[in-house]
Amino acid sequence: MPSEQETWGVGQLLEADLGRAVLLCTPSVLDRVAGWPFERVESISALPSGLDTLVVVGGGGLIDRAKAWRVDDSPSTRLVAVPSIWGSGAEASPVVVLDGESDKHIRMGPEFLPEVRCYWPALADSLPGDLARFACGDAWSHALEGFLSPLADDAVRADLAGVIRTLSELPIGADARWFKPSGDACAGQARAGVGLVHGIAHTLEPGLRREDAGWGHARLCASFAWPVMAFNRRQGDKWYRLFAEYDLDAAAVFERLRELHSPSDFDVALPFLAARWMDVLRDPCTRTNSSLVRRDALHFFTEREFQ
């Protein structure tokens, strides 16, 4: 593995000497990669042996499955990750999150980091508004939970403070400028940890998906980022102290989180939160939240004390 990940543009990818390269991509971008000079496969299970390079274009779930395949089945293969949407930051992270029947399976190690992350700004042009907003919520959750994590050191916080400044300048919605800072946010939080937003998202997603396929990790992050940060802010002076120390506008960030929030989505998710609250408390992400989450904290959310 390289000591540092490379960042490419699409032009650099298409001109690179990648040896025997295979392309795996999400169906939504098939027509846009039709002219790419790579053999294409339709699934992880169809990947051939002896690859020099795997180019994967897709969302975080597909990129994470490709990361796991490379480590488990073809460790000598170079991996180039091209996100089709921002938010997960899987292209920049040494963490793999795989969907189980009722929970998430998380693996982590430097061997999971793709050698190259490649950004394709044109993919932002066709993103539906709601999906773009959800993705922004995921990016914000990574940046803030990593910045506030009790596991973060000064270097991580300084890096994530820079990401937070960048995100603060971006509109909520489809904008290609989200791609790189989203990856940077995920890379930063991987060096520290995440918190209650991710504990909720990882716990509630399987049940919500069974009810409505439109629910996913990013939508849950967008729904709970503002309420959770309001909870953290109330627990002590850590929020204000760290924002002041790193010269961040706490009030402006809080308002941006409010902009991400959908009251109707929160209403749908709230009964699932109440039913699974003890599982949320046991989730490893919740245990590294910036403030301690106790059993009685559920009241803060059910009574909407963040409003």
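## Salt bridges and the buried face of helix 8

Arg117 is buried, with a relative accessible area of 9%. In this predicted model, the side chain of Arg117 nevertheless has a charged partner, meeting Asp184 in a salt bridge. The count of salt bridges comes to 17. Three of these pairs are described below, followed by helix 8 and its surroundings.

**The Arg117–Asp184 pair**

- The salt bridge between the side chains of Arg117 and Asp184 has an N to O distance of 2.9 Å.
- Arg117 belongs to strand 8 (residues 116-119) and Asp184 to helix 5 (residues 179-190), so the salt bridge ties together parts of the chain that lie 67 residues apart in sequence.
- Asp184 is partly exposed, its relative accessible area being 22%; this value is above the 20% under which a residue counts as buried.

**The Arg191–Asp159 pair**

- A salt bridge joins the side chains of Arg191 and Asp159, with 2.8 Å from N to O.
- This pair also links distant parts of the chain, 32 residues apart: Arg191 sits in the loop between helix 5 and helix 6 (196-211), while Asp159 is in helix 4 (residues 154-168).
- Arg191 is partly exposed, because its relative accessibility is 46%, and Asp159 is likewise partly exposed at 43%.

**The Glu205–Arg209 pair within helix 6**

- Glu205 and Arg209 form a salt bridge in which the closest N and O atoms are 2.7 Å apart.
- Both residues lie in helix 6, and because they are 4 residues apart, about one helical turn separates them.
- An α-helix has 3.6 residues a turn, so residues three or four places apart point the same way.
- Glu205 counts as buried, with 3% relative accessibility, whereas Arg209 counts as partly exposed at 39%.

**A shared network**

- Salt bridges with partners in common join Arg117, Lys180 and Asp184 into one network.

**Helix 8 and its surroundings**

- The buried residues in helix 8 (residues 238-245) include Lys238, Trp239, Leu242 and Phe243.
- These residues cover an arc of only 120° around the axis, which means that they are on the same side of helix 8.
- Among the elements that cover the buried residues of helix 8 are helix 3 (129-148), helix 4, helix 7 (217-234) and helix 9 (250-260).
- Helix 4, one of these covering elements, is also the helix that holds Asp159.
- Just after helix 8, Asp247 adopts a positive phi of about 55°.

Terms used. Residues numbered from 1 in each chain as written. Predicted model: local features only at pLDDT ≥ 70, side-chain atom pairs only at ≥ 80, totals over all residues. Heavy atoms only, no water. Salt bridge = Lys/Arg side-chain N within 4 Å of Asp/Glu carboxyl O. Helix = DSSP H or I, 4+ residues; strand = E, 2+ residues; numbered from the N terminus. Buried < 20%, exposed > 50% of the residue type's maximum accessible area, 1.4 Å probe, protein only. Arc of directions from axis to C-beta. Contact = heavy atoms within 4.5 Å.
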